[in-house]
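Trainee: Hey, got a few minutes to go through a structure with me? I'd like to learn how to talk about one.

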2 protein chains.
Amino acid sequence: MTRFIMAEENSRIITGEDKIFGINKQAQEMISKVGREKVANATIGSLLDDNGNLVILSSVVDVMKDLKPNDYAEYAPIAGVPAFLDAAVKSVFMDYTPKGYINAVATPGGTGAIRNAVQNYTKRGDVIMTSSWYWNPYMTIAQELERDLETYPLFNDNNLFNTDAFEEKMKEILSNQDRLVVIINTPCHNPTGYSLTLEDWDQVLCAMKKAASDQSKKIVFLVDAAYLDFAGDAKMSRAFLPKLDGLPENLLPLIAFSMSKSFTLYGMRGGALICLSPNKEITNEFKLVNSFSNRGTWSNGTRAAMVTLSRIYKNDTLLEKVVKEREAALSMLIRRGKAFQHASEKVGLVTSPYDSGFFVIVPCKNPEQVGEELQKDGIFTVPFGGKGLRVSVASISEEWCSIIPGKMAAAIKKING
Amino acid sequence: MTRFIMAEENSRIITGEDKIFGINKQAQEMISKVGREKVANATIGSLLDDNGNLVILSSVVDVMKDLKPNDYAEYAPIAGVPAFLDAAVKSVFMDYTPKGYINAVATPGGTGAIRNAVQNYTKRGDVIMTSSWYWNPYMTIAQELERDLETYPLFNDNNLFNTDAFEEKMKEILSNQDRLVVIINTPCHNPTGYSLTLEDWDQVLCAMKKAASDQSKKIVFLVDAAYLDFAGDAKMSRAFLPKLDGLPENLLPLIAFSMSKSFTLYGMRGGALICLSPNKEITNEFKLVNSFSNRGTWSNGTRAAMVTLSRIYKNDTLLEKVVKEREAALSMLIRRGKAFQHASEKVGLVTSPYDSGFFVIVPCKNPEQVGEELQKDGIFTVPFGGKGLRVSVASISEEWCSIIPGKMAAAIKKING
């Protein structure tokens, strides 16, 4: 029996609970009581400056404000503005040119790209695979499309990427179905901040190739690259991309591109799904099915966001300006991450392997209670999967990043003994 | 067997054919050969001025360009910016206040609203119902969600709204399933330009109430109001809305609101799904399930579009300016429609009942061939459902509207005898 009167649950688990929203609200309430400087609101998934204001690349907003009326008003083509799709590919690949065929379709942010990948490369009832720590909306997307999500433990006992678990889980799922979409969120995995090393990639690809040697299997791996520009050196962060070239035809790499973080246009819903294949027919059918999905879901994307990115990539001086501004934001974020790591080492707080990015995970028992204990000191974090606390270093100052690990170590000790 | 290599068809019929795009391209080619004044491109679904330029409400774009950086950059809440949702409701209802409970959720344009309605009030495999002439994306949306679309003939032999057929089709579908979403596109139905009269509404509601007297049935009717502001007098066009008040709980009205036409922000993807019910629990669950759908499909909507509408409705002077500008566009459209009707009467061309709006349908046999015949005279129309030609009076001048009916009558005579 559904608990709804008129609506249909359709295999989804719809609780309406928004834990992050609730904790964020508590943080806001405390700020209004005791003042901003006494509260660290480490719940927010956007990059904020030390005063709690959203970091916005003004060079990008300047382009947005300078568009012609038509750029706001006109429909974009269903598949996206062609110059935008080229720019999205350039933004991901920079100066590397993939050897195979490439195609792209515009989507509302990264979420739309992930949704389209799941919709077009699996069937209802199929299992999607990702790591044990994962961005919660992966589950929402899977459920909305009546798919299931299963996970492998991201790290092994030595806190290294768990290739064995990856391979085992993949085999297990493929013994029950002939298609598989694997979501790999890297670099700066949300919520751990881990980036797959080139060796991790070799192992992952080796495992997937092995599975794909069975020609009856179709394996699609979706690289969720939302944080691609927040992993440190731009070229190093992209060093894995050439490995996606020349794979077997039945092992298909897709990339979810988003303007949200890289161009700080979270609210403009600019994104794309990109496809690479040695077989042109496969990239053509990619375009076809994803255009159909666009038409039957949200129709077309935000033209203004698309034209903004196109303009940036048409103008080297402008692009350089955007990149410089982003690098300043990035170094602030890197300083925060390092401060958190150093402080953690100092007090012996164990975090999940963190390379860079918006979030750090501190695994612990009873994260809800530990989180509540921390709130007494004005520190607001998000209990995650019953297995730890997520700290957004993106939304708190470097100073707080130095303070919090000590407080966390104390809170964990107090609660868990 | 699927004809795809890697992708899944998932019960969709994905042809990739875009007839309108193709004809539009031919029109463009002819324009570049013989000049704009010799070509009537009546394929386009946007309101163009007599020179073929998009009509853009400059008062709206001014607001858009004047937003604060945060309004472009920040994420909107998943369900939408609250002030936007209020503004969307005001935009639909004007000074009428529904007596029951009301709730709304932001969506990317009207398409997103329709998609969410189908997703949340039917199950996979269910049949959705609309009229025989219909906007093609209804079928795309149904297929993308693995639903079927079935139709009743919109007009009876006297060219009046076919209530009997409506009722019969509804009964037929409800004998096979306990849920039904009915899409009613009014005023200015796309593609005919027909608006349900208040008497039509009484009959439709009477039929639906009868069906809903069986308490085991859940009937949701979605009013696709995309052209609400292009039906003539704003209050008259909204006179049906009070009839949606106080219906039985298992007969649920939803309204798809779109900023595309009313605010000429086609490309900004501002829209909302609105729900009315005498039962608050039903509007609460509406919010809950549609928020889940948002999260798992496109995440959140375009904040800049939402803030633009909020600002317009917060400022009476500004709203008046927008309305005045829109009324000027509307009277141009009305003049065109009238010119087309008068010319049709003069030459004895029979059109489907047209009240107002962007499109007129001329029913005829062999529409493909008739369309090609018309192209020789520089007139580009869209063959529709194998049953007629769709003429966009929104995209051609009043002069062309006077000329085309005669040309159509001649072409039909030539092809069909």
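Mentor: Sure, let's go through the contact between the chains, then some helices, sheets and odd spots. Keep in mind that this is a predicted model.

Trainee: Okay, chains to begin with. How many residues of chain B are in contact with chain A?

Mentor: On the chain B side there are 78, and they touch 78 residues of chain A. Together the two chains bury about 6,500 Å² between them, with 60% of that on carbon and sulfur atoms.

Trainee: Which three residues supply more of the area that chain B buries against chain A than any other three?

Mentor: Those are Met6(B), Tyr72(B) and Phe292(B), which supply 13% of the area that chain B buries there.

Trainee: And how many salt bridges are there across the interface of chain B and chain A?

Mentor: The rule finds six across that interface. One to look up is Lys123(A) with Glu8(B), where the side chains meet at 3.4 Å, N to O. As background, side chains of opposite charge can pair when their charged atoms come close.

Trainee: What's the salt bridge count over all chains?

Mentor: By this rule it comes to 48. Try Asp95(A) and Lys235(A), whose side chains form a salt bridge at 3.2 Å, N to O. That pair links distant parts of the chain, 140 residues apart. Asp95(A) is in the loop between α4 and β2 of chain A, and Lys235(A) is in helix α9 of chain A.

Trainee: Switching to helices. How do people describe two packed helices?

Mentor: With the angle between their axes and the distance between the axes. Take α2 (residues 58-65) and α13 (residues 316-347), both in chain B: their axes come within 8 Å and cross at roughly 135°.

Trainee: What do you call that kind of crossing for α2(B) and α13(B)?

Mentor: Oblique. An angle has to be over 145 degrees to count as roughly antiparallel, and 65 to 115 counts as roughly perpendicular. The crossing of α2(B) and α13(B) is therefore oblique.

Trainee: Which residues meet there, between α2(B) and α13(B)?

Mentor: From α2(B) you have Ser58(B), Ser59(B), Val60(B) and Val63(B). They meet Leu318(B), Lys321(B), Val322(B) and Glu325(B) of α13(B). Sorted by class, the contact has four nonpolar, two polar and two charged residues.

Trainee: Now the sheets. What's the order of the three strands in the chain B sheet?

Mentor: The order is β9-β12-β11, in an open sheet with antiparallel pairing. The edge strands are β9 (359-363) and β11 (382-384) of chain B, and each pairs on one side only. On average, neighbouring strands are turned by 35° against each other, direction ignored.

Trainee: How many bridges hold β9(B) and β12 of chain B in their pairing?

Mentor: Five, in the antiparallel sense. If you want a spot to look at, Val360(B) stands opposite Val391(B) in β12(B). Helix α14 (residues 367-375) of chain B packs on this sheet and touches β11 and β12. The direction of α14(B) makes about 45° with that of β12(B).

Trainee: And chain A? What's the strand order in its open sheet?

Mentor: In chain A, three strands form an open antiparallel sheet in the order β9-β12-β11. β9 and β11 of chain A each have a single partner strand, so one side of each is left without a neighbour in the sheet.

Trainee: How many bridges do β11(A) and β12 of chain A pair over?

Mentor: Three, in the antiparallel sense. Val382(A) is set opposite Arg390(A) in β12(A). Helix α14(A) lies across β11 and β12 of chain A, at about 45° to β12(A).

Trainee: Last topic: odd backbone spots. What's the general background?

Mentor: Most residues other than glycine have a negative phi, and most peptide bonds are trans. Here, a cis peptide bond joins Thr186(A) and Pro187(A), with omega about -5°. Another cis bond joins Asn190(A) and Pro191(A), with omega about 20°.

Trainee: Where is Pro191(A) found?

Mentor: In the loop between β5 and α8 of chain A. That loop is also the place of Pro187(A).

Trainee: And what about phi at Asn366(A), positive or negative?

Mentor: Positive, about 50°, although Asn366(A) is not a glycine. You'll find Asn366(A) in the loop between β9 and α14 of chain A.

Conventions: Residues are numbered from 1 along each chain as its sequence is written. Chains are lettered from A and ligands numbered from 1 in the order in which they are written. This is a predicted model: local features need pLDDT of at least 70, side-chain atom pairs count only at pLDDT 80 or more; totals for chains, interfaces and linings use all residues. Side-chain values use heavy atoms; hydrogens and water are left out. Two strands pair if DSSP finds at least two bridges between them. Helices (H or I, at least four residues) and strands (E, at least two) are DSSP runs, numbered from the N terminus. Axes are lines fitted to C-alpha atoms, for helices over the stretch in contact, and angles run from 0 to 180 degrees between N-to-C directions. Contact means heavy atoms within 4.5 Å. Angles under 35 degrees count as roughly parallel, over 145 as roughly antiparallel, 65 to 115 as roughly perpendicular and the rest as oblique. Ala, Val, Leu, Ile, Met, Phe, Trp, Tyr, Cys and Pro count as nonpolar, Asp, Glu, Lys and Arg as charged, and the others, Gly among them, as polar. Buried area is the accessible area (1.4 Å probe) that two parts lose on being put together, summed over both. A salt bridge is a side-chain nitrogen of Lys or Arg within 4 Å of a carboxyl oxygen of Asp or Glu.
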